[in-house]
Amino acid sequence: QNGDNFKTKTLSSLRNYELDYTVGVEFEEQTKGLDNRVVKTLVTWDGDKLVCVQKGEKNNRGWKHWIEGDILHLVRAAPQTHSTLLRLQHRL
């Protein structure tokens, strides 16, 4: 993190994904290696949580990211169906 600029890496045995963004600035994201969509992405703060909203072929996809104690939380969701796609917790 450098101010409102973030660089994140998600590494797993299934796939890896890197994302660079500035909070509050919409950008075009290519979800290559995930579901291969091209979307407009906006990441904002909601209190102490980073909230991402993606607009495109499948609207309103995104995630929430926050730290609680020594645990990093990531929740991916599809709000139009009110279902959680992924909930991840990782000790820092």
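Which element supplies the largest share of the lining of the second largest pocket? We will get there in Exercise 4; the model you are working with is a predicted one.

**Exercise 1. Set out the fold.**

Task: Describe the secondary structure of the protein chain and say what percentage of its residues is buried.

Solution:
- Step 1. Begin with the elements: the protein chain has 0 helices and 8 strands.
- Step 2. Read along the sequence, this gives the pattern β-β-β-β-β-β-β-β.
- Step 3. Now turn to burial: of the 92 residues in the protein chain, 28% are buried.

**Exercise 2. Follow β1 into β2.**

Task: Work out how β1 and β2 are arranged, then decide whether D20 is buried, partly exposed or exposed.

Solution:
- Step 1. β1 and β2 run antiparallel and are joined by 7 bridges.
- Step 2. The two strands form a hairpin, with 4 residues between them.
- Step 3. For one bridge in detail, take F6, whose partner in β2 is Y21.
- Step 4. Next, sort β2 by face: Y17, L19 and Y21 are on the covered one, while N16, E18, D20 and T22 are on the uncovered one.
- Step 5. D20 has a relative accessibility of 48%, so this residue counts as partly exposed. The cut-off that matters here is 50%, since exposed means over that value.
- Step 6. Finally, check a distance: the C-alpha atoms of D20 and T8 are 6.4 Å apart, although 12 residues separate the pair along the chain.

**Exercise 3. Find the largest nonpolar core.**

Task: List the residues of the largest nonpolar core and find which strand gives the most to it.

Solution:
- Step 1. The core has 11 residues in all: F6, Y17, L19, Y21, V23, F27, V43, L50, C52, W63 and L74.
- Step 2. Sort them by element: β2 and β5 each supply at least two residues of this core.
- Step 3. The top contributor is β2, with 3 residues.
- Step 4. Compare with the faces of β2: Y17, L19 and Y21 belong to its covered face, and these residues also appear in the core.
- Step 5. As background, nonpolar side chains in soluble globular proteins tend to be buried together.

**Exercise 4. Look into the second largest pocket.**

Task: Give the volume of the second largest pocket and describe its lining.

Solution:
- Step 1. The second largest pocket holds about 220 Å³ of space.
- Step 2. It is lined by 12 residues, and F6, L50, H65, I67 and L72 are the closest to its centre.
- Step 3. β1 and β6 are the elements that give two or more residues to this lining.
- Step 4. That brings us back to the opening question: β6 provides the largest share, 3 residues.
- Step 5. By character, the lining residues divide into 8 nonpolar, 3 polar and 1 charged.
- Step 6. Cross-check with Exercise 3: F6 and L50 are among the residues closest to the pocket centre, and both are listed in the largest nonpolar core.

**Exercise 5. Trace a contact from β3 to β5.**

Task: Describe the faces and pairing of β3, then find which side chain makes a polar contact with E29.

Solution:
- Step 1. In β3 (residues 27–30), F27 and E29 form the covered face, and E28 and Q30 the uncovered one.
- Step 2. β3 pairs with β4 (residues 38–46) in the antiparallel sense, over 4 bridges.
- Step 3. Within this pairing, Q30 stands opposite V38.
- Step 4. The side chain of E29 is joined to that of Q54 by a polar contact of 3.1 Å.
- Step 5. Q54 lies in β5 (residues 49–55).
- Step 6. Q54 counts as buried because its relative accessible area is 1%, and the cut-off for buried is under 20%.

Conventions:
Residues are numbered from 1 along each chain as its sequence is written. This is a predicted model: local features need pLDDT of at least 70, side-chain atom pairs count only at pLDDT 80 or more; totals for chains, interfaces and linings use all residues. Side-chain values use heavy atoms; hydrogens and water are left out. Buried means under 20% relative accessible area, exposed over 50%, partly exposed in between (1.4 Å probe, protein chains only). Two strands pair if DSSP finds at least two bridges between them. A polar contact is a pair of N or O atoms within 3.5 Å; within protein, one must be able to donate a hydrogen and the other to accept it, and residues adjacent in sequence count only if both atoms are side-chain atoms. On a 1 Å grid over the protein atoms alone, a cavity is a set of points where a 1.4 Å probe fits but cannot get out, and a pocket is an open set with protein on both sides within 12 Å along at least five of seven lines; lining residues have an atom within 4 Å of a point. Grid points are joined across faces, edges and corners, and a volume is the space filled by probe spheres set on the points. Ala, Val, Leu, Ile, Met, Phe, Trp, Tyr, Cys and Pro count as nonpolar, Asp, Glu, Lys and Arg as charged, and the others, Gly among them, as polar. A nonpolar core is a set of buried Ala, Val, Leu, Ile, Met, Phe, Trp, Tyr and Cys residues joined through side-chain atoms within 4.5 Å.
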